[in-house]
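Dear colleague,

I am passing on the structure below, and my notes on its backbone and its nonpolar cores follow. Please read them with the structure open beside you.

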Amino acid sequence: MLRSWESADRSIKKNVLKPGIFINKKPTECSTCTVIVEKINVTGTIESDLREKYYTTILDGEPEKTVVIGEAASEIDEKIERVICIMNLDERSLVTITMPLKQSDGSTVSNESIAVEFQITLTLCNRHKSVWEWSAAEKYEVALRYKGRGTELFKESRITDAFRKFSRACKLLITLEPIADLELDKQLEYNINDLRLALYNNMAICQLKRMNYQHVIALCTKVLDKDANNVKALYRRGVAYGSMGDNEKAITDLKAVLTLESSNHSAKELFDVYNTRLQESIQRNKDMMRRMFKTY
């Protein structure tokens, strides 16, 4: 059997200390597992930071934990879930996880990291069926639950964790494409399509908070390709365009928002800002051309 394993990005390392009982089918999404986590050793930070800055629940508290695969709400717990998904029953492994160093405000410190080493034993696994065996309704219900958790994380200002939760939900729904070929109940098909657009919008606001404007534009455009009058997508794409200095596209999107919602004060304020910048840019170009012709 494989005695050691390392993730492609080298952030997770697993070395088997006790092989355990081989199981042909490993834990999958929604599987309920019982693990024992012990001998935790942290370098680069203090152990209490694992809870306060990295929001782990698996490495906090009593050694025995019940883990439902897919329910992790932090990056470090997602990595531990990845480890559990390649474990055998009664296997005990030494795991090392490397994470970027976080400051008190949640931002990461470039080129600095922490390492968390611990032993983990998989004592029980109630395996859920593989994702490809789920019905469309099951995928919708799980994705909806993930979206709800992502919304909670967003409200707690855990933007990165919220984004990952929305993204995980979206990946489930993508497995239903092309949805028209599934011949679903019309209400379920509507619900799935509506949820997917909501997830794209939620992922866009997360990326906007992180100032990843190109990603905002891409996500909002996906929404607008399906729903041209989606106010949230128009507004967020407009803000992204404006933040990138593309004032013309920004005011086009924000004007569309105001056409749909004339009382949208946020859109009106930004429309005025970007429109002023555009007019000033046009005037500067005119002045420059005038000076050039005057010179010649």
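Helices (H or I, at least four residues) and strands (E, at least two) are taken here as DSSP runs, numbered from the N terminus. Residues are numbered from 1 along each chain as its sequence is written, and side-chain values use heavy atoms, with hydrogens and water left out. This is a predicted model, in which local features need pLDDT of at least 70 and side-chain atom pairs count only at pLDDT 80 or more, while totals for chains, interfaces and linings use all residues.

I begin with the backbone. D90, which sits in the loop between α2 (75–84) and β5 (92–102), has a positive phi near 70° although the residue is not a glycine. With a relative accessible area of 29%, D90 is partly exposed, where buried means under 20% relative accessible area, exposed over 50%, and partly exposed in between (1.4 Å probe, protein chains only). K39 also has a positive phi, near 55°, and is likewise a residue other than glycine; K39 belongs to strand β3 (residues 32–43) and counts as exposed at 62% relative accessibility. A cis peptide bond, with omega near -10°, runs from E177 to P178, and P178 is placed in the loop between α4 (159–174) and α5 (186–209).

Turning to the interior, the largest nonpolar core (a set of buried Ala, Val, Leu, Ile, Met, Phe, Trp, Tyr and Cys residues joined through side-chain atoms within 4.5 Å) has 53 residues, and those with the most contacts inside it are L173, I192, L199 and L208. Two or more residues of this core come from each of α3 (136–155), α4, α5, α6 (213–226), α7 (231–243), α8 (247–260) and α9 (265–295), and α5 gives the most, with eleven residues. L173, if its neighbours within four places in sequence are left aside, is in contact with K139, Y140, A143, I192, L195, R196 and L199, contact being heavy atoms within 4.5 Å. A second, separate core has 27 residues, among them V42, Y54, L59 and V109.

One further residue of helix α5 may interest you, namely E189, which counts as buried at 17% relative accessibility. Not counting residues up to four places away in sequence, E189 touches I179 and L184; the C-alpha atoms of E189 and I179 are 7.4 Å apart in space, and these two residues are ten apart in sequence.

With best regards
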